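Good morning, colleagues. Please take a moment with the sequence and the structure before I begin.

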Amino acid sequence: KAEVMVRLTCSEAVTRALAADEEMISNVCLMIFDSTGSLEYSSYTTDPGSCRISLLKGERYSFYAFANFGYKIRAVTLEELKQTEYHLAYPDEYRSGLPMYAASDITITDDDIVELELERLMSRISIRMDRSRLSEGISLKVSSVRIGNCPKKTRVLAKNRVESIDDCFITGFSHKGDECIPLNTEDRNRMSEEISLYMFENMQGQFSDTPIGSDEEKVFEEYDRRRQTCSFVEIGLEYSSEEWISADVPLIYRFYLGDDRNSLDIERNCHYHITICPEDDGLKGDGWRIDKSG
């Protein structure tokens, strides 16, 4: 037999989020399966750190770690584990850390250290405003930002796709009022600071079979069922100009997510950067840019 020390690490966070601690690990469920897919070892702890486990030399094992789930996963076979789903209780609650997981197949050769790198099950969506293209006298103050059609649950060991409106929080993670101050704080180039939102993976594929020519085409017809399953960002703005003031009813900007113009995919453990670029009177519908290239 060999003594194996298991240690957990987090994949690097791009920046520290204001709303959630992206590196917090408050509890871990560790599971190890043998080459037949049967459970060899299982533990749950609220005091994460390294642990020592005795395993057979020359045998291949599948290591799985689930962080911040808040409970011990009950599965006795690997096939059963693959059906595991994580359900979100409420979109804005990440006090115990973002849900994460790690998976690795390892052949035990000798006393060794196994490091499992955790990946976040959620995507981070960072938003900022670029008001440099607005005409003089136009004011756009952000009053709210939210994610719509935010998945309630995710398949941990498989790609996740929302299939019906029942699988979504119609209103997901959101910021309101003073939480939106960074979006109303500008530098000399009229670029605002950022705020971040979080959501589970939602791999909805392509918007159209043929590439679309402009962002303003990425809008669903009223009868399109994808209106109920594809994730979007909706921003409320207090608008004022010489001709019109929004008063108590905010102007709403909505756009569907994806990492390019024709995509509707939101992938786990990715950081999406979105810059809202209203032009002229601020009422055009084609002023956003999404980039997850880093």
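How many bridges join strand β10 to strand β15? Before I answer, please note that this is a predicted model. The number is nine, and the two strands, residues 139-151 for β10 and residues 232-240 for β15, run antiparallel. To give one position in this pairing, Gly 148 has Phe 232 of β15 as its bridge partner.

Both strands belong to an open sheet of four strands, in the order β12-β10-β15-β16, with antiparallel pairing. At the edges are β12 (168-176) and β16 (251-256), each of which pairs on one side only. On average, neighbouring strands of this sheet are turned by 25° against each other, direction ignored.

I turn now to the interior. The largest nonpolar core comprises 51 residues. Among those with the most contacts inside this core are Phe 66, Leu 81, Val 145 and Ile 235. Leaving aside residues up to four places away in sequence, Leu 81 touches Met 31, Phe 33, Tyr 64, Phe 66, Ile 73, Ala 75 and Leu 157. Another core, of 17 residues, lies apart from the largest one and includes Val 28, Phe 63, Met 100 and Ile 106.

Finally, the cysteines. A search of the whole structure finds zero disulfides. Why is Cys 51 without a bond? The closest cysteine sulfur, in Cys 29, is 11 Å from that of Cys 51, and is therefore too far for a bond. Cys 180 is likewise in no disulfide, the nearest cysteine sulfur being that of Cys 150, 17 Å away. Cys 51 counts as partly exposed, at 23% relative accessibility, whereas Cys 180 counts as buried, at 0%.

Note on methods
Residues numbered from 1 in each chain as written. Predicted model: local features only at pLDDT ≥ 70, side-chain atom pairs only at ≥ 80, totals over all residues. Heavy atoms only, no water. Core = buried A, V, L, I, M, F, W, Y, C linked by side-chain atoms within 4.5 Å. Buried < 20%, exposed > 50% of the residue type's maximum accessible area, 1.4 Å probe, protein only. Contact = heavy atoms within 4.5 Å. Disulfide = S-S within 2.5 Å. Pairing = 2+ DSSP bridges. Axes fitted to C-alpha atoms, helices over the stretch in contact; angles between N-to-C directions.
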